[in-house]
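Hello,

Here is the structure we talked about handing over. Please have it open while you read; my notes follow below.

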Amino acid sequence: MREKESRGHVLVIPFPGQGHLNPMLQFSRRLVSKGLQVTFIVTTYISRSKHLVSSSNRLLQFDTISDGYDEGGFEQASSMGAYLSSIHTVGPRTLKELIAKYQSSSNPIDCLIYEPFLSWALDIAKQFGLIAAAFFTHACAVDYVFYSFYRKMVPVPDVNSSSMPVLIEGLPPLELQDLPTFIVLPEAYPANAEMIKRQFSNVDKADYILVNTFYKLEYQVVDTMSTLCPLLTIGPTIPSSYSDKRIENEDDYGIDLYEANASIPITWLSTKPTGSVVYVSFGSIANNLSEKQMEEVAWGLKRSNFYFLWVVKNSEEHKLPKGYVEEVAPKGLIVNWSPQVKILTNESIGCFFTHCGWNSTIEALSLGVPMVTLPQWSDQPTNSKFVEDVWRVGIRVKVDADNGIAKRDQIEYCIKEVMESVRGKEMKENSKKWKELAVEAISEGGTSDKNIDELVFKVTKFKSLY
């Protein structure tokens with residue numbers, strides 16, 4: 001431990017949501033495997049969760065800051081705006097106190113890796129004279145889209161105008177349906193749009209920009225964005241057991257904010273033929289489909305006549321058609337949550353029907369699973385564009401122009417297209433290729449691995465100056 005402490009102490013502070021915790025937690029363990037000491041920061045509420053106790057977390061230490069909702073976390077807040085207001089007020093004070101505690105100890109902090117949504121963390125890092133690295137949990141393409149609009153490099157499109165597509169260097173032409181919703185409809189998500197904008201307010205002060213992607217996946221936009229900032233691709237940040245296997249016993253992310261019984265879906269999948277199951281999950285936040293859309297998804301899955309495993313939260317179960325669970329029981333299993341990476345690596349999975357959040361997308365890419373996409377909001381439309389047209393590993397479900405609902409026949413068609421058509425065979429072959437490249441990137445000597453080594457060297461050199 002003394003040797004590791006002498007090589008540098010890193011404080012990692014994610015935005016306290018499941019999709020933000022997962023990649024930064026796995027990356028933290030990667031840094032530990034390189035010899036650094038890492039303290040991972042969670043909110044007071046999350047720290048009380050029993051799900052922090054995991055064999056995957058044995059090499060990390062945890063500490064806390066407050067988001068102002070110590071009893072219930074995000075669910076305690078009345079709105080996203082209220083939550084963000086609180087964490088931006090209470091968070092900086094408690095982070096300063098935490099860093100001051102370490103700086104007066106025998107084990108001071110040398111580097112802070114922070115989620116850019118918490119832009120104040122960068123200012124605090126510089127107040128204490130620390131190395132600071134922004135960790136972007138979106139795809140590089142999405143980060144650059146946001147960067148281009150908020151730095152006014154590209155004019156914001158007029159949704160009522162025909163001045164499309166949007167052309168941004170390093171990216172394919174983007175239609176209105178391909179852009180993040182916080183750009184197209186900022187007035188519909190004011191708190192989220194402001195949060196996205198905030199992350200670029202001071203990012204020029206960061207020593208490094210870390211992006212959860214790998215170079216060959218997004219090389220054109222990586223090369224373009226790298227001319228503007230010190231960018232390092234450090235992904236894919238999936239548990240090591242599913243990539244290079246260099247970290248022992250790392251087969252999960254180590255923090256789960258939702259109750260999950262892994263044995264039920266795993267046991268069910270074990271009875272199904274290879275490549276015969278459609279895995280369906282629309283994420284921890286975006287799984288709030290309208291009742292009409294839930295109905296169309298339900299009957300589209302049934303009509304496809306494939307086995308399916310569908311993750312439906314407790315709070316969403318009432319939207320399912322009456323008697324549906326019993327009716328589809330021979331073919332479909334509906335669960336409240338699932339260990340996603342373990343599910344995606346199961347040989348029975350034939351495709352992933354997904355909302356196309358970035359964590360889900362890069363997991364599917366890294367594990368060789370083709371996709372059917374039904375993007376809802378945020379970065380998901382852009383990710384879906386790349387899945388279908390750039391990486392060619394999936395197909396996007398078309399929605400009705402009048403009401404934005406994906407109909408059951410379209411859902412049925414897309415599932416069959418991926419699972420059994422000639423085009424689907426090509427998607428599966430492409431998926432295998434990206435899986436190989438993902439493993440290559442993070443394996444010893446790979447592009448991502450070298451970039452991580454650069455950060456480790458910077459922190460180690462900084463430590464030696466004391």
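**Cavity**

The structure holds one cavity of 30 Å³ or more. Please keep in mind throughout that this is a predicted model. The largest cavity has a volume of about 60 Å³. Its lining is made up of Ile13, Pro14, Phe15, Pro16, Leu21, Ile41, Val42, Thr43, Ile65, Ile87 and Leu118. By class, that lining has 10 nonpolar residues, one polar and no charged. Strand E2 (residues 37-43) gives the most, with three residues.

**Domains**

The domain assignment splits the protein chain into domain 1 (9-246 + 444-464) and domain 2 (262-437). Taken over C-alpha atoms, their centres are 27 Å apart. Domain 1 puts 32 residues into the contact, and domain 2 puts in 25 residues.

**Second largest pocket**

You may want this one for your own work. The second largest pocket has a volume of about 830 Å³. It is lined by 32 residues, and those closest to its centre are Gln177, Pro375, Arg396, Val399 and Gly404. The lining divides into 15 nonpolar residues, eight polar and nine charged.

Which elements each supply at least two residues of this lining? They are helix H7 (181-184), helix H15 (380-390), strand E13 (394-396) and helix H16 (408-420). H15 gives the most, with four residues.

Where does the second largest pocket lie with respect to the domains? It lies between domain 1 and domain 2, because both give residues to its lining.

**Nonpolar cores**

The largest nonpolar core has 95 residues. Ile13, Leu95 and Leu112 touch the most other members. H6 provides the largest share of this core, eight residues. Domain 1 and domain 2 both contribute residues, so this core also lies between them.

Leu112 is worth a look on its own. Leaving aside neighbours within four places in sequence, Leu112 is in contact with Leu11, Ile13, Leu95, Ile99, Ala121, Ala125, Leu130, Ile131, Ala132 and Ala133. Ile13 appears in that list, and Ile13 also lines the largest cavity.

Another core lies apart from the largest one. This second core has 30 residues, among them Ala298, Leu374, Ile395 and Ile411.

**Helices H6 and H8**

Helix H6 covers residues 140-150 and is mostly covered, with 10 of its 11 residues buried. The buried ones are Cys140, Ala141, Val142, Asp143, Tyr144, Val145, Phe146, Tyr147, Ser148 and Phe149. Asp143 and Ser148 are on that list. After H6 comes Lys152, which has a positive phi, near 60°.

Helix H8 spans residues 190-198. Which residues of H8 are buried? They are Ala191, Asn192, Ala193, Met195 and Ile196. The buried residues of H8 pack against helix H4 (80-103), H6 and H7. H7 comes up again here, having supplied at least two residues to the lining of the second largest pocket.

**Backbone points to check**

Most residues other than glycine have a negative phi, and most peptide bonds are trans. A few places here depart from that pattern.

- Gly235 to Pro236: this peptide bond is cis, with omega near 5°. Pro236 sits in the loop between strand E7 (231-233) and helix H10 (263-269).
- Asn305: its phi is positive, about 70°, although Asn305 is not a glycine. The residue is in the loop between helix H11 (291-304) and strand E9 (307-311). Asn305 is exposed, with a relative accessible area of 52%.
- Ser378: its phi is positive too, about 55°, and Ser378 is not a glycine either. Its loop runs between strand E12 (371-373) and H15. Is Ser378 buried or exposed? Ser378 is buried, because its relative accessible area of 8% is under the 20% cut-off.

**One loop serine**

Ser348 is in the loop between helix H13 (340-344) and strand E11 (349-354). Although in a loop, Ser348 is buried, with a relative accessible area of 1%. What does Ser348 touch, not counting residues up to four places away in sequence? The contacts are Leu269, Lys272, Pro273, Thr274, Gly275, Ser276 and Val277.

Best wishes

Key:
Residues are numbered from 1 along each chain as its sequence is written. This is a predicted model: local features need pLDDT of at least 70, side-chain atom pairs count only at pLDDT 80 or more; totals for chains, interfaces and linings use all residues. Side-chain values use heavy atoms; hydrogens and water are left out. Buried means under 20% relative accessible area, exposed over 50%, partly exposed in between (1.4 Å probe, protein chains only). On a 1 Å grid over the protein atoms alone, a cavity is a set of points where a 1.4 Å probe fits but cannot get out, and a pocket is an open set with protein on both sides within 12 Å along at least five of seven lines; lining residues have an atom within 4 Å of a point. Grid points are joined across faces, edges and corners, and a volume is the space filled by probe spheres set on the points. Ala, Val, Leu, Ile, Met, Phe, Trp, Tyr, Cys and Pro count as nonpolar, Asp, Glu, Lys and Arg as charged, and the others, Gly among them, as polar. Domain bounds come from an automatic or database domain assignment. A nonpolar core is a set of buried Ala, Val, Leu, Ile, Met, Phe, Trp, Tyr and Cys residues joined through side-chain atoms within 4.5 Å. Contact means heavy atoms within 4.5 Å.
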